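Dear colleague,

Please find below the structure that I am handing over to you. My notes on what was found in it follow directly after.

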Amino acid sequence: MAGRQRHRLLLENAEQLVLVCGRREPFLRRDGPGSLAVLRAGSLVVGLDGCIKAVGQADVIRRQFSEATFERIINCSGKCVLPGLVDAHTHPVWAGDRVHEFAMKLAGASYMEIHQAGGGIHFTVEHTRKATEEELFTSLQHRLGRMLRAGSTLVECKSGYGLNLETELKMLRVIERAKRSMDIGISSTYCGAHAVPKGKTATEATDDIINHHLPKLKELKLSGEIHVNNIDVFCEKGVFDLDSTRRILQAGKDIGLQINFHGDELHPMKSAELGAELGARAISHLEEVTDEGIVAMARAKCAAVLLPTTAYMLRLKQPQARKMLEEGVIVALGSDFNPNAYCFSMPMVMHLACVNMKLSMNEALAAATINAAYALGKSDTHGSLEVGKQGDLLIINSSRWEHLIYQFGGHEALINYVIVKGKVVYENERCETMSSY
């Protein structure tokens, strides 16, 4: 018996305990997702520090731990336990929705046509600059709360709708406040190079970011006011070219930021080759990636963050997910939540990845857990249910975990509990009376 030490949570008798990884793998690629680690009749223990202390067969865990030592026990009979989902790409801080642009897209307008007409990112920038910090924080709280209820326990959050130092810092302060006050985990990204500000050339914008924005971020990090994790650039024709992108990303890397950027979305820009060369942790989109770029990313262990909602809503060609997997690229998923792709739900993202990008359900789950955590530099603490990792978990009201992907749009009734650091942060009582077939 493991003494009388107190513990926060015991989950016992799960029909399936989906560990994802069982040997501390930092990511899964090629054939790795094909054999996800799954325990039947499994139990899991989370300590008072919020970390997983034991994972194993229910009868073994029962012999090791006394019921009296747990603050809470949840009987998971007939249910599945999975790692909390990781959303590797979102833009959740903004004001002014773009529902009117959805009608324009349905009528045939392209993303860049809307952008060049003053819509798109520029429309959101105008409204975000006018919004107060409190207004932005209130809307961010609401959006992150919806992501949490849909199963995401770690989310990447970008700035990028300011395009000037004042508003970018306002957005990053809002993200920092959420990071410190909310249960959901956050990886913050500076994305001041999301578009070229009106009245500036791309070169002028690049110089401003390198000479003013990044030094200020370094200063605020040293003072403890704002801690940014990643740097992002929209490397795209008519936005930031390869040379400007290289300069900004290298300058961000020089102050300790992970490179995690938009590339090869609308045109082949050789973004993947650049990211591999610079040691990027991840590149997002990649609808137009070259074969050479895929090989370079695989060699560099640079994650591909694929965004099924964007390709779906913008009617873009799908990224070559199967080729990436076959070549050994680490494939991750993100919702790309933003005013242009309004989706909070990683279960729906996984479903779209399976149907439109031809991922298997195992590959999609790995992409939304351990590989998405790797894309954020967090796979040592997140993305799988292993001893020592943070106790972020989902309990779903089904005897097979695949229902989380299979039930398109059904996650609101399927997810029974969302748990962060062993603490129940969302409990859906409706699940107790609902069948999952």
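Let me begin with a helix and the strands beneath its path. Helix H7, which covers residues 202-223, lies across two strands, E8 (185-193) and E9 (230-235). Its direction runs at about 160° to that of E8. Please bear in mind throughout that this is a predicted model.

A further helix, H13 (residues 346-356), packs on the sheet as well. Helix H13 touches E6, strand E7 (152-158) and E13, and its direction makes about 80° with that of E6.

The sheet itself is open and is formed by eight strands, in the order E6-E7-E8-E9-E10-E11-E12-E13. The pairing in this sheet is parallel. Which strands form its edges? They are strand E6 (85-87) and strand E13 (331-333), each of which pairs on one side only. On average, neighbouring strands of the sheet are turned by 25° against each other, if direction is ignored.

One pair of strands may serve as an example. Strand E10 (residues 258-263) pairs with strand E11 (residues 282-285) in the parallel sense, over four bridges. Within this pair, His-262 has Ser-284 in E11 as its bridge partner.

I turn next to a loop residue. Leu-28 is found in the loop that lies between strand E1 (7-20) and strand E2 (37-47). Is Leu-28 buried or exposed? Its relative accessibility is 8%, so Leu-28 counts as buried, the cut-off being under 20%. Which residues does Leu-28 contact, leaving aside its neighbours within four places in sequence? They are Val-20, Cys-21, Pro-33, Leu-36, Ala-366, Ile-370 and Asn-371. The last of these deserves a separate remark: Leu-28 and Asn-371 are 343 residues apart in sequence, yet their C-alpha atoms are 6.6 Å apart in space.

Finally, I come to the cysteines. How many disulfides does the structure hold? It holds zero disulfides. Cys-21, one of the contacts of Leu-28, has the sulfur of Cys-51 as its nearest cysteine sulfur, 17 Å away. A disulfide requires two cysteine sulfur atoms within 2.5 Å, so Cys-21 is in no disulfide. Cys-302 is likewise in no disulfide; for this residue the nearest cysteine sulfur is that of Cys-235, 13 Å away. As to accessibility, Cys-21 counts as buried at 1% relative accessibility, and Cys-302 is buried with a relative accessible area of 0%.

With kind regards

Note on methods
Residues are numbered from 1 along each chain as its sequence is written. This is a predicted model: local features need pLDDT of at least 70, side-chain atom pairs count only at pLDDT 80 or more; totals for chains, interfaces and linings use all residues. Side-chain values use heavy atoms; hydrogens and water are left out. Buried means under 20% relative accessible area, exposed over 50%, partly exposed in between (1.4 Å probe, protein chains only). Two strands pair if DSSP finds at least two bridges between them. Axes are lines fitted to C-alpha atoms, for helices over the stretch in contact, and angles run from 0 to 180 degrees between N-to-C directions. Contact means heavy atoms within 4.5 Å.
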